[in-house]
Amino acid sequence: MNHIPEIIRTISLEQYLLLSAILFFIGLLGVLVRKNIIIVFMCIEIMLNAVNLMMVATSAYRGDSAGQIMVLFTMAVAAAEVSVGLAIIVMIYKNLKTTNIDLFSQMKG
Amino acid sequence: MNPEIILHLILWPPLLGFILNGIIGSKFPKWLVTFMACLMPLISFVGTMLAYVNLKDKKTAIELYTWFVGEGAAKVNFGFFIDNLTLVMLFVVTGVGTLIHVYSSGYMADDKGYPRFMAYMNLFMFSMLMLVLGSNLVVLFAGWEGVGLCSFLLIGFWYENLEYNKAAAKAFVMNRIGDLAFLIAIFMTIYATGAIEFEDVKDTIISGVNLNEPIMVVIAILFFIGACGKSAQIPLFTWLPDAMAGPTPVSALIHAATMVTAGIYLVTRMSFLYDVTPIAQTVVAITGCLTAFVAASIALKQNDIKKILAYSTVSQLGYMAAALGVGAYITAIFHLMTHAFFKALLFLGAGSVIHGLHGEQDIRNMGGLKSKMKWTYMTMLIGTLAIIGCPPFAGFFSKDEILAVVYSKNFVFFIVLAISSVFTAWYMLRMFFSTFHGTYRGSEETHAHIHESPWNMRSVLVILAGLSIVGGFAGLPEITGQAHLLEKFLKHAIFQKAFHVSHLFEYVLWAVTVVTLVILFVLTYKRYAGVDRKYTDANENYLAKLLANKYYLDEIYDFLIVKPLKRTGSWLMHTFEFGVVDKIVSIPTAIVQSGSFALRNLQNGKLSWYLLYSIIGLLIILLTFIII
């Protein structure tokens, strides 16, 4: 564990993980309760980044760079996903003139 | 000749006729339907004659196969039996039956249900033949039910009319009451004697070994209740007048000549049982006398020509039952035979009148038909004279014999029957004079179209009239010095104790009969033959109203039985069915319904809820792992 930089060690891994969990649940709550689809989308991003944070922190504490590389991939995929998701939202908005997620229920089978 | 072949020749042709006409009759041309329907009973009649030639004075049992085997030794054969009693019944059934089939071909020719009608008539013939030929109680019962069914089908033949259907249902239900008693009697017979064939039962009872008298009395009375249903005795007779809803040939064949005599036949067949149970005999005699009197008095005030004849049938059946009750079985069969002739004649004559008047049945609207319908007039005259017991027509000898035997047993019964026969003469002459004498009282329009019936109806009337004249000579009384042919013939089959009637009484009875009839003839002629306007019912007193309303018997039955039953049914429906049964049944539905209402919210189509569910599920799974 001696190759881990001092600056990182000033904050313990538990605190990183706690922050990550708090962020994740904030995102999750947002997804569950908010009606505006854009905010829901942002909450999904928060959840994604909470996971990223956790991975980076653990990677740093374990002295293994595989986690950080994985996070880079995740961010790239997330960027692609955002563009596709936003495009879908725009299309839905054009069709339904709303961003209220409950009104999408007319899509049910 | 092989008895089995004769049996097949008698029994099956009407069934064949029923099947052919019933299934494909509507596709046949009318002449073919007529030909088949009339040929089949005729074959049976020929078979009967063959049976007479070959099998008379013998007891021939023919067992076709074992129908079913009951517990213990009770084995029921699909078996038949021919003795002299069967032969007499066969002659009546096939002879009169064939004639009525021929008559029907004229009477019903314009009806759209003609093939169906003929098919039912053939089925009736078959059932009746099975009834009289059966060698055991079960086969007899099968025929018994068969004639009941045919009676139902034929009373309700014009099924578009609701009233007719009700009459059919009434006949069926009333018969069912009798049938239940009959069925119980069969079971008890098997229980008490261990036998089911008539001959075996007879041997057991005559031998008298291990006989329990009270049980015998109960069996005998139950059999008689069965007979009451079929033969329209008090208290089960009200269906017969209503049965006049059927076409007139049906009334003649089923409700006068054959089916209603089934009960008389049954009691005669079981005569050995009644000989050992004097109590049951008394019941039979009292019922018979009451029926004869009540029905005859009701007939006095009826105005429908068929209703008058129906009540007279009930009354005559009462005479037969009274004869059975005093043990004069042969006399009863004698009257059964002559009655079949003249009552069929009267009904068919009435049918001819109705046919000629295009459906008019009320004698108040008739009159003066003498000149328009000569054949019908003459034959009806013979029929009327026969039924009122005018010498030397058929009814005279048989009724005279009944009166004589009843007199030798019980004076009260004799008086009741004698009064009934005065009533009989009165209502029959009233009907006759109102119909044929005087001037026509119906509408002008019908008057112009009154016509004599076609030849096939007329010829039947003539034949039956002939039989009504000569039928009585089969049973000449002792004082004529001639042999009683029927008694001689039936002695082989039925045991009947000798009746001692003094010659003096016979002479007096004859003289009184003739004098009374002459007086009645003159009285009724004066009163009814000259009527040229419609009768008015205005000056009727209470007694007349009571009679015209049939002693309110229908109303009493309605009040005592039908209404309470209906009320019970309605209570059961509204309180029990809707209140209890329905409630219990609806509990599972309520559970399923409310459950599904609750679960329906899960599937609300909202994404965030779905997400919540999956998260809850995930949490449950995780927690499970943690706890474990």
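Which residues of chain B form a nonpolar patch on the surface? In this predicted model, the patch is made up of Tyr552(B), Ile556(B), Phe559(B), Leu560(B), Ile561(B), Val562(B) and Leu565(B), which together present about 670 Å² of accessible area. One of these residues, Ile556(B), is located in helix 24 of chain B, a helix that covers residues 553–600. With a relative accessibility of 38%, Ile556(B) is classed as partly exposed, because that class lies between the limits of 20% for buried and 50% for exposed residues.

A buried position is found at Gln302(B), whose relative accessible area is 7%. Gln302(B) belongs to the loop that connects helix 13 (278–299) with helix 14 (305–325) of chain B. When residues up to four places away in sequence are left out, the contacts of Gln302(B) are Lys307(B), Ile308(B), Tyr311(B), Ile363(B), Arg430(B), Leu547(B), Ala548(B) and Lys550(B).

Helix 15 of chain B, comprising the 28 residues 329–356, was examined for its length, bend and burial. At 1.5 Å a residue a span of 40 Å is expected for this helix, and the end C-alpha atoms are indeed 40 Å apart, so the two values agree. Helix 15 of chain B nevertheless shows a bend of about 25 degrees, which is placed at His339(B). As for its surroundings, 28 of the 28 residues of helix 15 of chain B are buried, and the helix is therefore largely enclosed by the rest of the structure. After helix 15 of chain B comes His358(B), for which phi is positive, near 55 degrees.

Note on methods
Residues are numbered from 1 along each chain as its sequence is written. Chains are lettered from A and ligands numbered from 1 in the order in which they are written. This is a predicted model: local features need pLDDT of at least 70, side-chain atom pairs count only at pLDDT 80 or more; totals for chains, interfaces and linings use all residues. Side-chain values use heavy atoms; hydrogens and water are left out. Helices (H or I, at least four residues) and strands (E, at least two) are DSSP runs, numbered from the N terminus. Buried means under 20% relative accessible area, exposed over 50%, partly exposed in between (1.4 Å probe, protein chains only). Contact means heavy atoms within 4.5 Å. Patches are made of residues with over 30% relative accessible area and no salt bridge: like charges are joined within 9 Å, nonpolar side chains (Val, Leu, Ile, Met, Phe, Trp, Tyr) within 5 Å. Accessible areas come from the Shrake-Rupley method with a 1.4 Å probe; for residues, only the protein chains shown count as cover. A salt bridge is a side-chain nitrogen of Lys or Arg within 4 Å of a carboxyl oxygen of Asp or Glu. The expected span of a helix is 1.5 Å times one less than its number of residues. The bend at a residue is the angle between axes fitted to the seven residues ending there and the seven starting there.
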